[in-house]
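Biologist: I should like a close look at a single part of this model, a loop of your choice. Please set it out formally for a first-year student, and then place it within the wider chain.

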Amino acid sequence: MNILVIEDEWPLQETIRESLEKENFHVETANTFDEAINKVSFFDYDCILLDIMLPKGSGLDILRHLRSIEKGNNVIIISAKDSLNDKLTGLDLGADDYLTKPFHLAELNARVKSLLRRRSFGRKNTLAFQNIHVDMDNFYAAVDAIPLALNRKEFDILVYFMLNKNRIVSKPSIAEKVWGDYMEDADDFDFIYSQIKNLRKKLRDGGAKVKIQPIYGMGYRLEAL
């Protein structure tokens, strides 16, 4: 699971990161508004911990940006601002929870896990994009109702692309999602390239009206033809 911690107070940021990593989460951090906007725009996270007061910007504007690009990130606001208006504004903009500083790390960890459980429980088990249909429960993918013969990794990569259609996904994020935690630390990602190459061919041969577009230096994006 990938978590992004957007927090400008370095000691608190490090404390949160270390605590979450002990729970076997993969944690990335952002210290400034601009860095946070860049990361949420180009990469995908299972949960975002968001401070409202940031250098050169507001966490509320990050929430507005997430909503504008239709990203269903799970956001927990962590802020010293504890007025009712601040909480209502954050929740109205799409945050899932609001935790006031100072807080106990055990409570933060519990809220993260609870949020991820709720999201997982409510997740759709079927996906559709252009003429591709996927049933995640039954390991079934088809183009125009004609089944695709995919191996498990190809299927998981296709699901991840469809969950993030029209968005750039990085090779490390694909590796972590499909191959497991901490794959982001791998020395190279040749194994991903070979799986995506095979998946591309099967989609093309099957007449899928999509393409997996490589984005130089960043990753891949699933697009409509």
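Modeller: Helices and strands are runs assigned by DSSP, a helix having at least four residues and a strand at least two, and both are numbered from the N terminus. The model is a predicted one.

The part I have chosen is the loop between β7 and α5, where Pro102 is found. Most peptide bonds are trans. The bond that joins Lys101 and Pro102, however, is cis, with omega at about -10°.

Lys101 also takes part in a salt bridge through its side chain: its partner is Asp51, at 3.3 Å from N to O. Lys101 belongs to the loop between β7 (97–100) and α5 (105–121), whereas Asp51 belongs to the loop between β3 (47–50) and β4 (53–54). The two residues are 50 residues apart, and the pair links distant parts of the chain. In general, side chains of opposite charge can pair when their charged atoms come close. The count of salt bridges in the model is 16.

Another loop, the one between α1 (10–22) and β2 (26–30), contains Asn24. Asn24 is a residue other than glycine, yet its phi is positive, near 70°.

The wider chain is divided into domain 1 (residues 2–122) and domain 2 (residues 126–224). Their centres, taken over C-alpha atoms, are separated by 27 Å. Contact between the domains involves 14 residues of domain 1 and 13 residues of domain 2. Together they bury about 1100 Å², of which 42% is on carbon and sulfur atoms. On the side of domain 1, His26, Phe42 and Asp44 supply 46% of the area buried against domain 2, more than any other three residues.

Asp44 also forms a salt bridge with Arg167, with 3.6 Å between the closest N and O atoms. One salt bridge is found across the interface of the two domains, while the number of residue pairs in polar contact there, both at pLDDT 80 or more, is zero. The side of domain 1 that touches domain 2 has six charged, four polar and four nonpolar residues.

Finally, the model has two aromatic pairs. In one of them, the ring centres of Phe139 and Phe155 are 4.6 Å apart and the ring planes stand at 75°, so this pair is edge-to-face. Phe139 lies in the loop between β9 (132–135) and β10 (140–143) and Phe155 in helix α6 (residues 152–163), so the pair ties together parts that are 16 residues apart in sequence.

Notes: Residues numbered from 1 in each chain as written. Heavy atoms only, no water. Domains from an automatic or database assignment. Contact = heavy atoms within 4.5 Å. Buried area = accessible area lost by both parts, 1.4 Å probe. Salt bridge = Lys/Arg side-chain N within 4 Å of Asp/Glu carboxyl O. Polar contact = N/O pair within 3.5 Å; in protein donor to acceptor, adjacent residues only side chain to side chain. Nonpolar A, V, L, I, M, F, W, Y, C, P; charged D, E, K, R; others polar. Phe/Tyr/Trp six-rings, centres within 6.5 Å; stacked < 30°, edge-to-face > 60°.
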